[in-house]
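Colleague: I have a model open on my screen and would like to learn how to read it. Could you walk me through a few features?

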Amino acid sequence: MPRYGFVIDLKRCYGCYSCQVACKAANHTPQGIDWARCVPAETGEFPQALRQMVPLVCQQCSDPACMKVCPTGATTQDENGIVHVDKNLCMGCKYCIMACPYSMRQTVDEWKTYFPDADGELDAYESYIKAQWEEKNGYGIATKCDYCMDRVKEGRDPACVEACPAKARYFGDIEDPESEVSILIRRERGFQLNPEFGTDPSCYYLPPR
Amino acid sequence: MLPNLKAQSKWGWLIAAYLFLAGLGGGAYVTGAIAGWLGEEWLGIYKIGICLGFPCVLVGCMFLLADLGSVKNFWRAAMRPNTSWIARGTIIITVFMIVDFIHIVFGVWPAKSLAEAAGARNFISVLGIIFAFGTMIYTGILLGAARPIAFWSTAMVPLLFLVSAMSTGIMAIILIGSMGSEALAGPLHTLAQIDIAIIVLEMFVLLFYLQGTHRVPESRASAQLVLIGSVAPLFWLGVAVLGLIAPLVLDLLDVSALAAICGIIGGLCLRQVVLAGGIHAPLKAGRFEIALPIV
């Protein structure tokens with residue numbers, strides 16, 4: 001069985017937010033939920049200051065903190081290492097939101113329109129994505145990114161990987177030593193975010209220049 | 001450079017009320033159950049304590065249910081006790097409520113004579129005390145299991161909640177007892193004296209808790225938020241003045257009913273201060289530290 005993972009190349013990302021928008025388009029996420037997002041970071045002081053965009057997705061930890069604390073059994077890990085949440089089992093206690101070191105579990109209480117001028121009525125597109133969201137996820141429960149598993153099963157890459165114009169994102173099997181992601185992690189010294197929490201993420205970052 | 005760390009906002013007053021009432025109920029039960037072994041004079045205290053536990057914890061659970069995003073699945077809360085402290089806590093708190101309910105029923109004819117004859121009251125008291133301590137302590141461990149929030153993830157939180165739970169439990173008994181007959185004046189005075197000692201202890205526990213936040217940037221940020229930041233008014237007025245200094249002074253002046261009202265409000269504020277001070281660790285991507293965008 002593969003262990004799906006990401007490699008995000010920090011020296012390639014220029015912060016265009018395509019991943020964030022592509023994720024929204026593919027997963028119909030409401031306002032307040034960004035399964036993929038891009039955040040600015042800086043370090044050092046002038047004249048040695050550095051600025052860096054850091055794209056974030058669910059890290060699909062092999063020992064997920066969110067799954068450990070989940071009291072209902074709604075959070076599960078499949079054989080590919082992807083952590084799923086079952087909307088029919090989650091009771092919305094928000095414990096996973098507290099326990100996730102990467103803040104990747106997110107919840108909303110209601111649909112807020114993206115187009116506030118539209119007289120309170122949703123247009124045809126927004127009605128469609130709202131229905132899609134309610135069917136696949138819903139409100140009050142702690143949703144999360146699943147690396148677009150339905151697309152992956154069709155042989156495609158996750159939406160954010162397909163959309164990235166800088167080719168800063170790679171998707172693949174990190175347990176196969178011959179895969180592109182494994183080679184990149186080895187060759188360019190990929191690292192994980194916050195290793196001190198011991199969750200062993202499947203998402204690796206390649207260092208900026 | 002340190003990013004601008006922000007506190008979590010998903011757990012607010014509803015959860016604070018739950019943590020507070022679970023603690024108060026447990027504390028009142030333990031006090032009552034112990035009073036049950038102290039003879040005829042303490043019988044009134046025993047009854048008040050036993051009868052406070054179950055309803056307080058039940059009302060607390062209602063607050064918890066009100067905070068859930070998908071209440072229809074609340075019954076699944078105990079499905080994963082092997083790893084989740086919410087699941088373990090649900091079991092502890094449910095057993096406590098059942099035991100206390102049986103204990104209350106023991107006081108009602110015809111179960112009364114049965115209970116006394118079989119010595120079942122002692123047994124149920126010991127069982128109840130064990131699970132009451134579980135209820136008081138687990139609320140702190142529950143927060144501690146959220147490891148990225150260093151302000152919660154310390155052994156001082158369960159201790160702080162335990163001491164506060166005992167104090168508020170005793171004060172709830174004093175408050176209700178002082179509305180009743182004069183016969184309870186003696187035991188109530190003793191309880192107020194014990195409460196003084198517990199309040200002093202709580203002051204030290206709180207002091208050491210805040211002192212212990214110096215180790216990592218996120219818990220230093222929490223301490224700043226609580227002591228001089230946006231949570232500071234609630235901390236200084238609600239916890240320090242209303243919850244600790246006022247009941248201590250009023251107990252010393254022998255105005256213990258008023259002390260109890262102040263202290264009980266302070267106990268609720270304490271839970272909210274701890275919750276509102278919870279700050280996640282920043283993301284560390286190599287040299288870069290990033291404040292988490294949401295939560």
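Modeller: Happy to; we will go through a sheet, two helices, the contact between chains and some single residues. Please keep in mind that this is a predicted model.

Colleague: Let's start with the sheet. In what order do the 3 strands of the open sheet in chain A lie?

Modeller: The general idea comes before the case. Strands of a sheet pair through backbone hydrogen bonds, in either a parallel or an antiparallel sense. Here the order is 6-1-7 in chain A, and the pairing is mixed. Strand 6 (169-173) and strand 7 (203-206) of chain A are the edges, each pairing on one side only. From one strand to the next, the twist averages 20°.

Colleague: Which pairing is parallel and which antiparallel?

Modeller: Strand 1 (residues 4-9) of chain A pairs with strand 7 of chain A in the parallel sense, over 4 bridges. One spot to look at is A:Ile8, whose bridge partner in strand 7 of chain A is A:Tyr205. With strand 6 of chain A, strand 1 of chain A pairs in the antiparallel sense over 5 bridges. There, A:Gly5 stands opposite A:Gly172.

Colleague: Is strand 6 of chain A mostly covered or mostly open?

Modeller: Mostly covered: 4 of the 5 residues in strand 6 of chain A are buried. Look also for helix 7 (residues 180-187) of chain A, which lies across strand 1, strand 6 and strand 7 of chain A. Helix 7 of chain A runs at about 115° to strand 6 of chain A.

Colleague: Now helices. What span should the 22 residues of helix 3 (residues 85-106) of chain B have?

Modeller: At 1.5 Å a residue, helix 3 of chain B should span 32 Å, and its end C-alpha atoms are 31 Å apart, so the two agree. You can repeat the check on helix 10 (residues 256-276) of chain B: its 21 residues should span 30 Å, and the end C-alpha atoms are 30 Å apart, which agrees. Helix 10 of chain B is mostly covered, with 17 of its 21 residues buried.

Colleague: What do the buried residues of helix 3 of chain B pack against?

Modeller: A general point helps first. An α-helix has 3.6 residues a turn, so residues three or four places apart point the same way. The buried residues of helix 3 of chain B include B:Phe96, B:Val99 and B:His103. The buried set packs against helix 2 (65-69) and helix 3 (95-99) of chain A, together with helix 1 (13-35), helix 2 (43-67) and helix 5 (120-144) of chain B.

Colleague: And where does B:Ile91 fit in?

Modeller: B:Ile91 is in helix 3 of chain B. It counts as partly exposed because 15 other C-beta atoms lie within 10 Å. Leaving out residues up to four places away in sequence, B:Ile91 touches B:Ala78 and B:Pro81.

Colleague: Which residues have the most contacts inside the largest nonpolar core?

Modeller: In soluble globular proteins, nonpolar side chains tend to be buried together. The largest nonpolar core here has 158 residues, and A:Ala99, B:Ala172 and B:Ile173 have the most contacts inside it. Beyond residues up to four places away in sequence, B:Ile173 touches several residues, among them B:Ile45, B:Leu52 and B:Leu191.

Colleague: How many residues of each chain are in contact with the other?

Modeller: There are 38 residues of chain A in contact with 38 residues of chain B. Strand 2 of chain A gives the most to the side of chain A that touches chain B, with 5 residues. That side divides into 23 nonpolar, 10 polar and 5 charged residues.

Colleague: Which peptide bond near A:Pro47 should I inspect?

Modeller: The one that joins A:Phe46 and A:Pro47, which is cis, with omega about 5°. A:Pro47 lies in the loop between strand 2 and strand 3 of chain A.

Colleague: Which residues other than glycine have a positive phi?

Modeller: Two to visit are A:Ser103, with a phi of about 60°, and A:Lys167, with a phi near 50°. A:Ser103 is in the loop between helix 3 and helix 4 (124-136) of chain A. A:Lys167 lies in the loop between helix 6 (159-163) and strand 6 of chain A. A:Ser103 counts as partly exposed because it has 19 C-beta neighbours inside 10 Å, while A:Lys167 is exposed, with 10 other C-beta atoms within 10 Å.

How values were computed:
Residues are numbered from 1 along each chain as its sequence is written. Chains are lettered from A and ligands numbered from 1 in the order in which they are written. This is a predicted model: local features need pLDDT of at least 70, side-chain atom pairs count only at pLDDT 80 or more; totals for chains, interfaces and linings use all residues. Two strands pair if DSSP finds at least two bridges between them. Axes are lines fitted to C-alpha atoms, for helices over the stretch in contact, and angles run from 0 to 180 degrees between N-to-C directions. Two residues are in contact if their C-beta atoms, placed from the backbone, lie within 7 Å. A nonpolar core is a set of buried Ala, Val, Leu, Ile, Met, Phe, Trp, Tyr and Cys residues joined through C-beta atoms within 7 Å. A residue is buried if 20 or more other C-beta atoms lie within 10 Å of its own, exposed if 12 or fewer, and partly exposed in between; C-beta atoms are placed from the backbone. The expected span of a helix is 1.5 Å times one less than its number of residues. Ala, Val, Leu, Ile, Met, Phe, Trp, Tyr, Cys and Pro count as nonpolar, Asp, Glu, Lys and Arg as charged, and the others, Gly among them, as polar.
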